[in-house]
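This report describes the surroundings of a ligand and one residue that takes part in them.

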Amino acid sequence: MSANTAEINRRRTFGIVSHPDAGKTTLTEKLLLFGGAIRTAGAVKSNKIKKGATSDFMEIERQRGISVATSVMGFEYKDYKVNILDTPGHQDFQEDTFRTLTAVDSVIIVIDAAKGVEPQTEKLMNVCRMRKTPVIVFINKLDRPSQDTFTLLDEVEEQLKIKVRPLSWPINNGPDFKGVYNLFDQSLNLFDPSITEIRPNITINDLSDSLLDDYIPHDAETLREEVELVEGVYPEFDHEAYLAGDLAPVFFGSALYNFGVHELLDTFVQIAPTPRPVEAKERVIDPEEEKFTGFVFKIHANIDPNHRSRIAFVKICSGKFERNKSYTNLRTGKAYRISSPTAFMASKKEVIDEAYPGDIIGVPDTGNYIIGDTITEGEKVHFKGLPSFSPELFRYIENADPMKTKQLSKGIDQLMDEGVAQLFTNQFNGRKIIGTVGALQFEVIQYRLEHEYGAKCRFENIPMFKACWIRCEDEAKLTEFKKRKHQKMCKDKFGRDVFMADSQFLLNMTQQEFEDVQFHFTSEFE
Ligand code: G4P
């Protein structure tokens, strides 16, 4: 127990993730409506870049403008303080999503009931599994023809590699969708597409209740059979297993019609974890500790196009954050007084005086922070879990305007600090390589270098497979490896050795040749 316990225990900080189009934006909006953070539907603009709009820079700019307002949304619901962290839907911004997932205590995964588990859902779940993040699954769009419910659940278990436990059960789907049966409190929530406000559920004492036949005459028998099967197949909901990231409770609904969302939110605040202890290199930091610690997981630039202003998003891990108090950025050793920290409450950005573990604050920044920075009252701890992942695409970046060399290098540095892409410097020829997850980033970089830094660049394709962070216990062997592969050796932004592998085949060959060298596709592998 600490002075902050009550505040910590009422916080629920989570992210909503999905494959694009499954309904993440719609669900977010409905949750915000319940929290009173917005008043009308449609207030949260979809923050995704429209498909095929890869060259639409206005769209990219618009997206960046919107996503700062919606990056973190806090609201009060019942006695809880709920913080939703938004994640970009576009897969070219996947790395942003991965980093945001390091700042959440739990996740809601949205799945389209017709499409089932899609590729990006799987990738996102891999990140959650790695971090043992508790996950709730919301199966959406039941108002549309859907896959068989048992098949869907099997698919979730197999492809997302997590045990599931339905807490509600859909009654039919598509045009015949009648609603959901709440397995938790045995009540019936009937669907009526013309009504989007919340109506109280109908309590039925048990499934043999004849009320069921009155409400859903054509579906009562099927529901009885299915529920019997559910109770036979799935063990009781195990809260501990959920908190350990081993079991995902599943809800069904239709975000568009605001159906099933209320149940989701009510259960979520009850079962979702309070801010969790965070692992630092030196030790585990408990939210209850008196001293403040936090880390930067996201940097947002260009808030005001006339100034090069940025906001560093800091997740608070322990202690109480206080405005105007001095906190040290451990990377630089410099202490800063944060005089106008902001938070997004009820969709308004406001200056706050204090914040608690689980909260995210926006710190105005002029270049003092980069992604991954740890901020404390002085203790030297370094948070883990913000690894760099190997990019998928690689290009040399060249200066296209020799008069603007300085601007270019400053621009590249700052964009990399923001985590737009990764920079590798080839140790053999000194050339700079930009690595990204998607092609869109190259356009963003070129555009922003020109418009924000007045610099021009050219890209040259490099057919490359992966960037591999390397390790070898044997110093002599490592030196030998680096010597032999000197043309392929790069340094990342932090000066770590990276081997550039041309293809999976060549990587396998290299691995055979140098058995003692470990190759990792992520920078954090201890
Ligand atoms: P995303 O953020 O996961 O990418 O998905 P988003 O919420 O933007 O939803 C994608 C599309 O699916 C949207 O339609 C949205 O209206 C629709 N949708 C979301 N939830 C449901 C649901 O429960 N039932 C049905 N039938 N549709 C749903 P759109 O036509 O692409 O966009 P819009 O023009 O309607 O915004």
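Helix α2 (residues 24-34) supplies three residues to the shell around the ligand, the largest share. The model is a predicted one. In total, 17 residues surround the ligand, and D21, K24, T25, T26 and D143 are the closest. By class, the shell residues divide into four nonpolar, seven polar and six charged.

Polar contacts with oxygen atoms of the ligand include those in the table.

| Residue | Part of the residue with the N or O atom | Distance to a ligand oxygen atom |
|---|---|---|
| T25 | side chain | 2.4 Å |
| N140 | side chain | 3.0 Å |
| A255 | backbone | 3.1 Å |

On its own, the ligand has 700 Å² of accessible area, of which the protein covers 68%.

N140 belongs to strand β5 (residues 135-140). Is this residue buried or exposed? With a relative accessible area of 3%, N140 counts as buried, because the cut-off for that class is under 20%.

Besides its polar contact with the ligand, the side chain of N140 reaches the backbone oxygen of A22 at 2.9 Å. A22 is also among the residues that N140 touches. Leaving aside residues up to four places away in sequence, the others touched by N140 are G23, V110, I111, D112, A113, G253, S254 and A255. Of these, A255 has a backbone N or O atom 3.1 Å from an oxygen atom of the ligand.

Notes: Residues are numbered from 1 along each chain as its sequence is written. This is a predicted model: local features need pLDDT of at least 70, side-chain atom pairs count only at pLDDT 80 or more; totals for chains, interfaces and linings use all residues. Side-chain values use heavy atoms; hydrogens and water are left out. A residue is near a molecule or strand if one of its heavy atoms lies within 4 Å of it. A polar contact is a pair of N or O atoms within 3.5 Å; within protein, one must be able to donate a hydrogen and the other to accept it, and residues adjacent in sequence count only if both atoms are side-chain atoms. Accessible areas come from the Shrake-Rupley method with a 1.4 Å probe; for residues, only the protein chains shown count as cover. Helices (H or I, at least four residues) and strands (E, at least two) are DSSP runs, numbered from the N terminus. Ala, Val, Leu, Ile, Met, Phe, Trp, Tyr, Cys and Pro count as nonpolar, Asp, Glu, Lys and Arg as charged, and the others, Gly among them, as polar. Buried means under 20% relative accessible area, exposed over 50%, partly exposed in between (1.4 Å probe, protein chains only). Contact means heavy atoms within 4.5 Å.
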